[in-house]
Structure formats: structure tokens, C-alpha cells
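Here is a short report on one part of a structure. Keep the 3D view open as you read.

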Amino acid sequence: MRKAIVIDSKDNVATALTEISSGEVVEIKIGKIVKNIQAKSTIPFGHKLAIKRIEKGEAVIKYGETIGRATRTIEEGEHAHIHNIESTRGR
Amino acid sequence: MELIGYERDDGSVGVRNYVLLLPSVTCSMEVAMRIANHVEGAKALIHHQGCIQMGLDLEITQRTLAGLGRNPNVGAVLVVSQGCESVSAERLADDIAKVGKPVEIITIQELGGVVKTVARGVSIARKMAQEISQIKRKSFDVSDLTIGIKCGASDATSGIASNPAVGVASDNIINNGGTVIFGETTELIGAEHIIAKRAVSDAVSKKIYEIVERMENRAKEVGVDMRGTQPTPGNIKGGLTTLEEKSLGTIRKAGTSLIEGVLEYAESPKGKGLYIMDTPGREPEALTGFVAGGAQILLFTTGRGATQGYPIVPVIKITGNSETYKKMTDDIDLDVSSIIEGKETIEEAGNRIYLEILKVASGKKTKAESLGCAGPADIYRIGHTF
């Protein structure tokens, strides 16, 4: 079973399909490209990890669309969630 | 598969056949509930509006109550009035009677309190139940169905599995001539550009942007940051980070069909196909809007689990989270976690949902129905309480 899924090839985050342990290397498919990412911390089921370095202020992309912006630099393999991403809407 | 339902005078078809105890105001809710408890096949709605409301809010309540009474799953209506509310019980009964179903009004202040009103109400509702049990059953078609779709207690599996699978089922309904309504305007924020592209015309596309802007402005006007409630704490625990992320997952349940129109809250679609209704994201109000708009069946996707039912409409619950399904098997109808495990395609799971819709349309009880779970029928309001 796949451990993480990238929904669109433009995405810079993957969604964990099972809990991923800190330090674990997971294989992800970005379109036809296969890449190995090492998780920098535990990624709970359903949560996201960065599949490339995302600079502070840069758009975080899932479903091929912007889901928010990085509030600080997010390193590859890092847990990407409310501690480093903020919404740009509804306020 | 042959669908058998209850023929109504206006040409619509009920997939259920209830006597509805309809409180015209929250004050008469308890009497309505007591009457329903004594009559087999009777259902009461629990809501909190109908009085000290003004302008648009009063209009919304009046329209919603009429829509609930006109829903094809209802065979007869007993309006329970307090006697002094803002909603006009007479206008309500007239609006419902227009579709050709039996409607009567009982008024607590006239009959003299709970005891007398319950006694009188039981007698009327019992007679109605017996009368509508003789309504002719007829074979009907998917094109006679209106389905409302909603998600709640979402997690990351909702956008990946259950919502896309419901999207396939929604497309199937529409391709077979039926109607689907989705709403949750709050959860279009951040995804409106994608949905607007699917509008059948420029006017519909413009209207989609308008309802989203209106909802976003409402939050700004009251000085709140919508991120304080969206995503919910449960959503965040489930891995959803922002409102935009939630929205992008949410819209996948609306499939790929063209959007024929934008409905005001509780408004009925004028034609067939896919419609957006301007509803809040909160469940009771959103479901009430769809049911008042004519939905005979509701689909409800959930990630973290929900027990939702609706008094007069079967709710089919679907999850893409295998753990949630294991924990809540008595509540959730379908498990589509097979999509995540790679054992089933989104298409296959969607067809499974479609088949379940047809079974429920022909009388199969949902899990919520078999447990007697109904839930509140709250009505949307925009203004304050005075």
C-alpha cells in the first residue's frame, strides 16, 4: 500500500495514507516521477508532508491549487500543517 | 432496478410517506414532538425559528417551512401553531396545500394548552396516517429524484476518497436525468474559480462568485476571522490545514457535471441537473435547505464519523476512513476506504454509492433510519436574535 499520495503533479505536499514515522523514507509518485522523501518527524494519518523545500511566503499547493502560504520555510520531508501554513481567505 | 415510490398530486414522487408535524414556530415544537410520538409514520421537525424575526430572516423561515411541508416524502401535514408567532401559519398551510396534499392547522392558544392540543393533534395525525397509507405506489425513474449532498466531520480522506466517489454517483444521477443539489457556500471559499468554470452560463458563473463574496463579507462585517471556525478543530486534527484545502476537497463531491443554477436557501431547482444552494456549512441548516428545496435523499460523507439523520429524508453516510467505519459501523452506511488502499477505483466506489441510492429510493432503510436517528431541522438565519 502507498504510504503517501500526491494528488496533482503541481503539488508541493503529499498526504500520508498511514502514519509515517520520523526518519522513515517513503516513496511517492509525482505524475510519472518516483521520489524518495525522508520524513523529518512523525506524520499522522491524513496529514501532509512537504515533498520539496517551500520558501516562506510561497504558495502551498494541493489538488494542483493553492491551499495557503508558508509562514516560514518548510523543508522537504517536514510536517506541513497549521504551524507553518496559513490561509489567505475568509478574513 | 425498478424504483417504487409514492405518487403525489403535483407529479413528484416520495421515497418515503410521512405525516409531518410542522411547528410554525419553535414554541410549538414540543407539542409537535409529542403528537408524533403517538402516531405511527408521523415525524416532527425540531427547529428554533418562527418568531421575533424580521425582513429577510422571516421570509427565509416562512419559505423553508413551506418547502419542508411540500417535500415529496411528506404525504400530509399538520401545522402546529402557537397562535402569536411571526410566521403566518395560514400562509404556510396554503403554500403547502398548493401541491395538493392534505394540510391542517392546530393552534395551542386556541385549543387551550399542551394537553388539549396533543389530544386533538393525535386524532388528526392518526387519521392522516391512515389516509396516506392508501396512496398509490408507482414505478418511477431516476429523473424523479433530487439528491442533496453534504460532507461533515471531514478529514483528509474526504477529499481523496469519499467526496470524489460521491462525485461519480452525482454524475450518474445527473446523466440519468436526475437532480443534485450541493451547498456549503463557506466551503466554496478558495475553490470558487474551479466551480465557476463549470457554470452553464456567464450569469450562473457570476452568481457563484456573488454568493461566495456575500458569505465572506458576512464574516468580515461581524469582525470575525472565519479561520476561527473553519477548518474545525476536528478537521485540523484530521490533517486539514486551511479553509482552501477543505474547500478543494469538498467540491469534489459535486462531480464533473455542468452547474445549471444557483439557488437561494430552501429554493427548489427549476429544472434537472446540478445546482448549488447558498447554505452555511453547518449541517442542520444545510440539510434543511436541501430538503426544503425538494431533496428526497441526502448523501453525507464523513471522515471522522457522524451520526446524522434527517426526520423526513433518508441520509446515506459514506466514509473513506477505514478506522472510522470500523468504529461506527452501526452508523455509517458505506465504506470507500478501498480507494485509499488501492483495492477499488473511485469510479467503482461511486457506482456502489449510486446503487445504494437506488435501493434506498425503493425503501431500503439507511442505518440512521433503522436507529431512528433524525437530528434537528434548524433553519438558516442571517441576522441577529432580538
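How many bridges join strand β3 (residues 18-23) of chain B to β5(B)? Six bridges join them, and the two strands run parallel. This is a predicted model, in which local features need pLDDT of at least 70, side-chain atom pairs count only at pLDDT 80 or more, and totals for chains, interfaces and linings use all residues. Residues are numbered from 1 along each chain as its sequence is written, while chains are lettered from A and ligands numbered from 1 in the order in which they are written.

**The sheet**

Strands here are DSSP runs of E with at least two residues, helices are runs of H or I with at least four, and both are numbered from the N terminus. Two strands pair if DSSP finds at least two bridges between them. Strands of a sheet pair through backbone hydrogen bonds, either parallel or antiparallel.

In chain B, four strands form an open sheet in the order β4-β3-β5-β6, with parallel pairing. β4 (42-44) and β6 of chain B are at the edges with a single partner strand each, so one side of each has no neighbour in the sheet. On average, neighbouring strands are turned by 25° against each other, direction ignored.

β5(B) is joined to strand β6 (residues 103-107) of chain B by five bridges, and these strands run parallel. Some facing residues are listed below.

| Residue | Stands opposite or bridges to |
|---|---|
| L21(B) | L78(B) in β5(B) |
| L78(B) | E104(B) in β6(B) |
| S81(B) | T107(B) in β6(B) |

Is strand β5 (residues 74-81) of chain B buried or exposed? Eight of its eight residues are buried, so β5(B) is largely enclosed by the rest of the structure. A residue is buried if 20 or more other C-beta atoms, placed from the backbone, lie within 10 Å of its own.

**Two helices**

Helix α6 (residues 156-175) and helix α13 (residues 346-361), both of chain B, pack at an angle of about 55° with axes 7 Å apart. Axes are lines fitted to C-alpha atoms, for helices over the stretch in contact, and angles run from 0 to 180 degrees between N-to-C directions. α6(B) and α13(B) are therefore oblique to each other. Oblique means outside three ranges: under 35 degrees, over 145, and 65 to 115.

**One buried loop residue**

S337(B) lies in the loop between β14 (334-335) and α13 of chain B. It has 22 C-beta neighbours inside 10 Å, so S337(B) counts as buried.

Definitions and conventions:
Buried ≥ 20, exposed ≤ 12 C-beta atoms within 10 Å, placed from the backbone.
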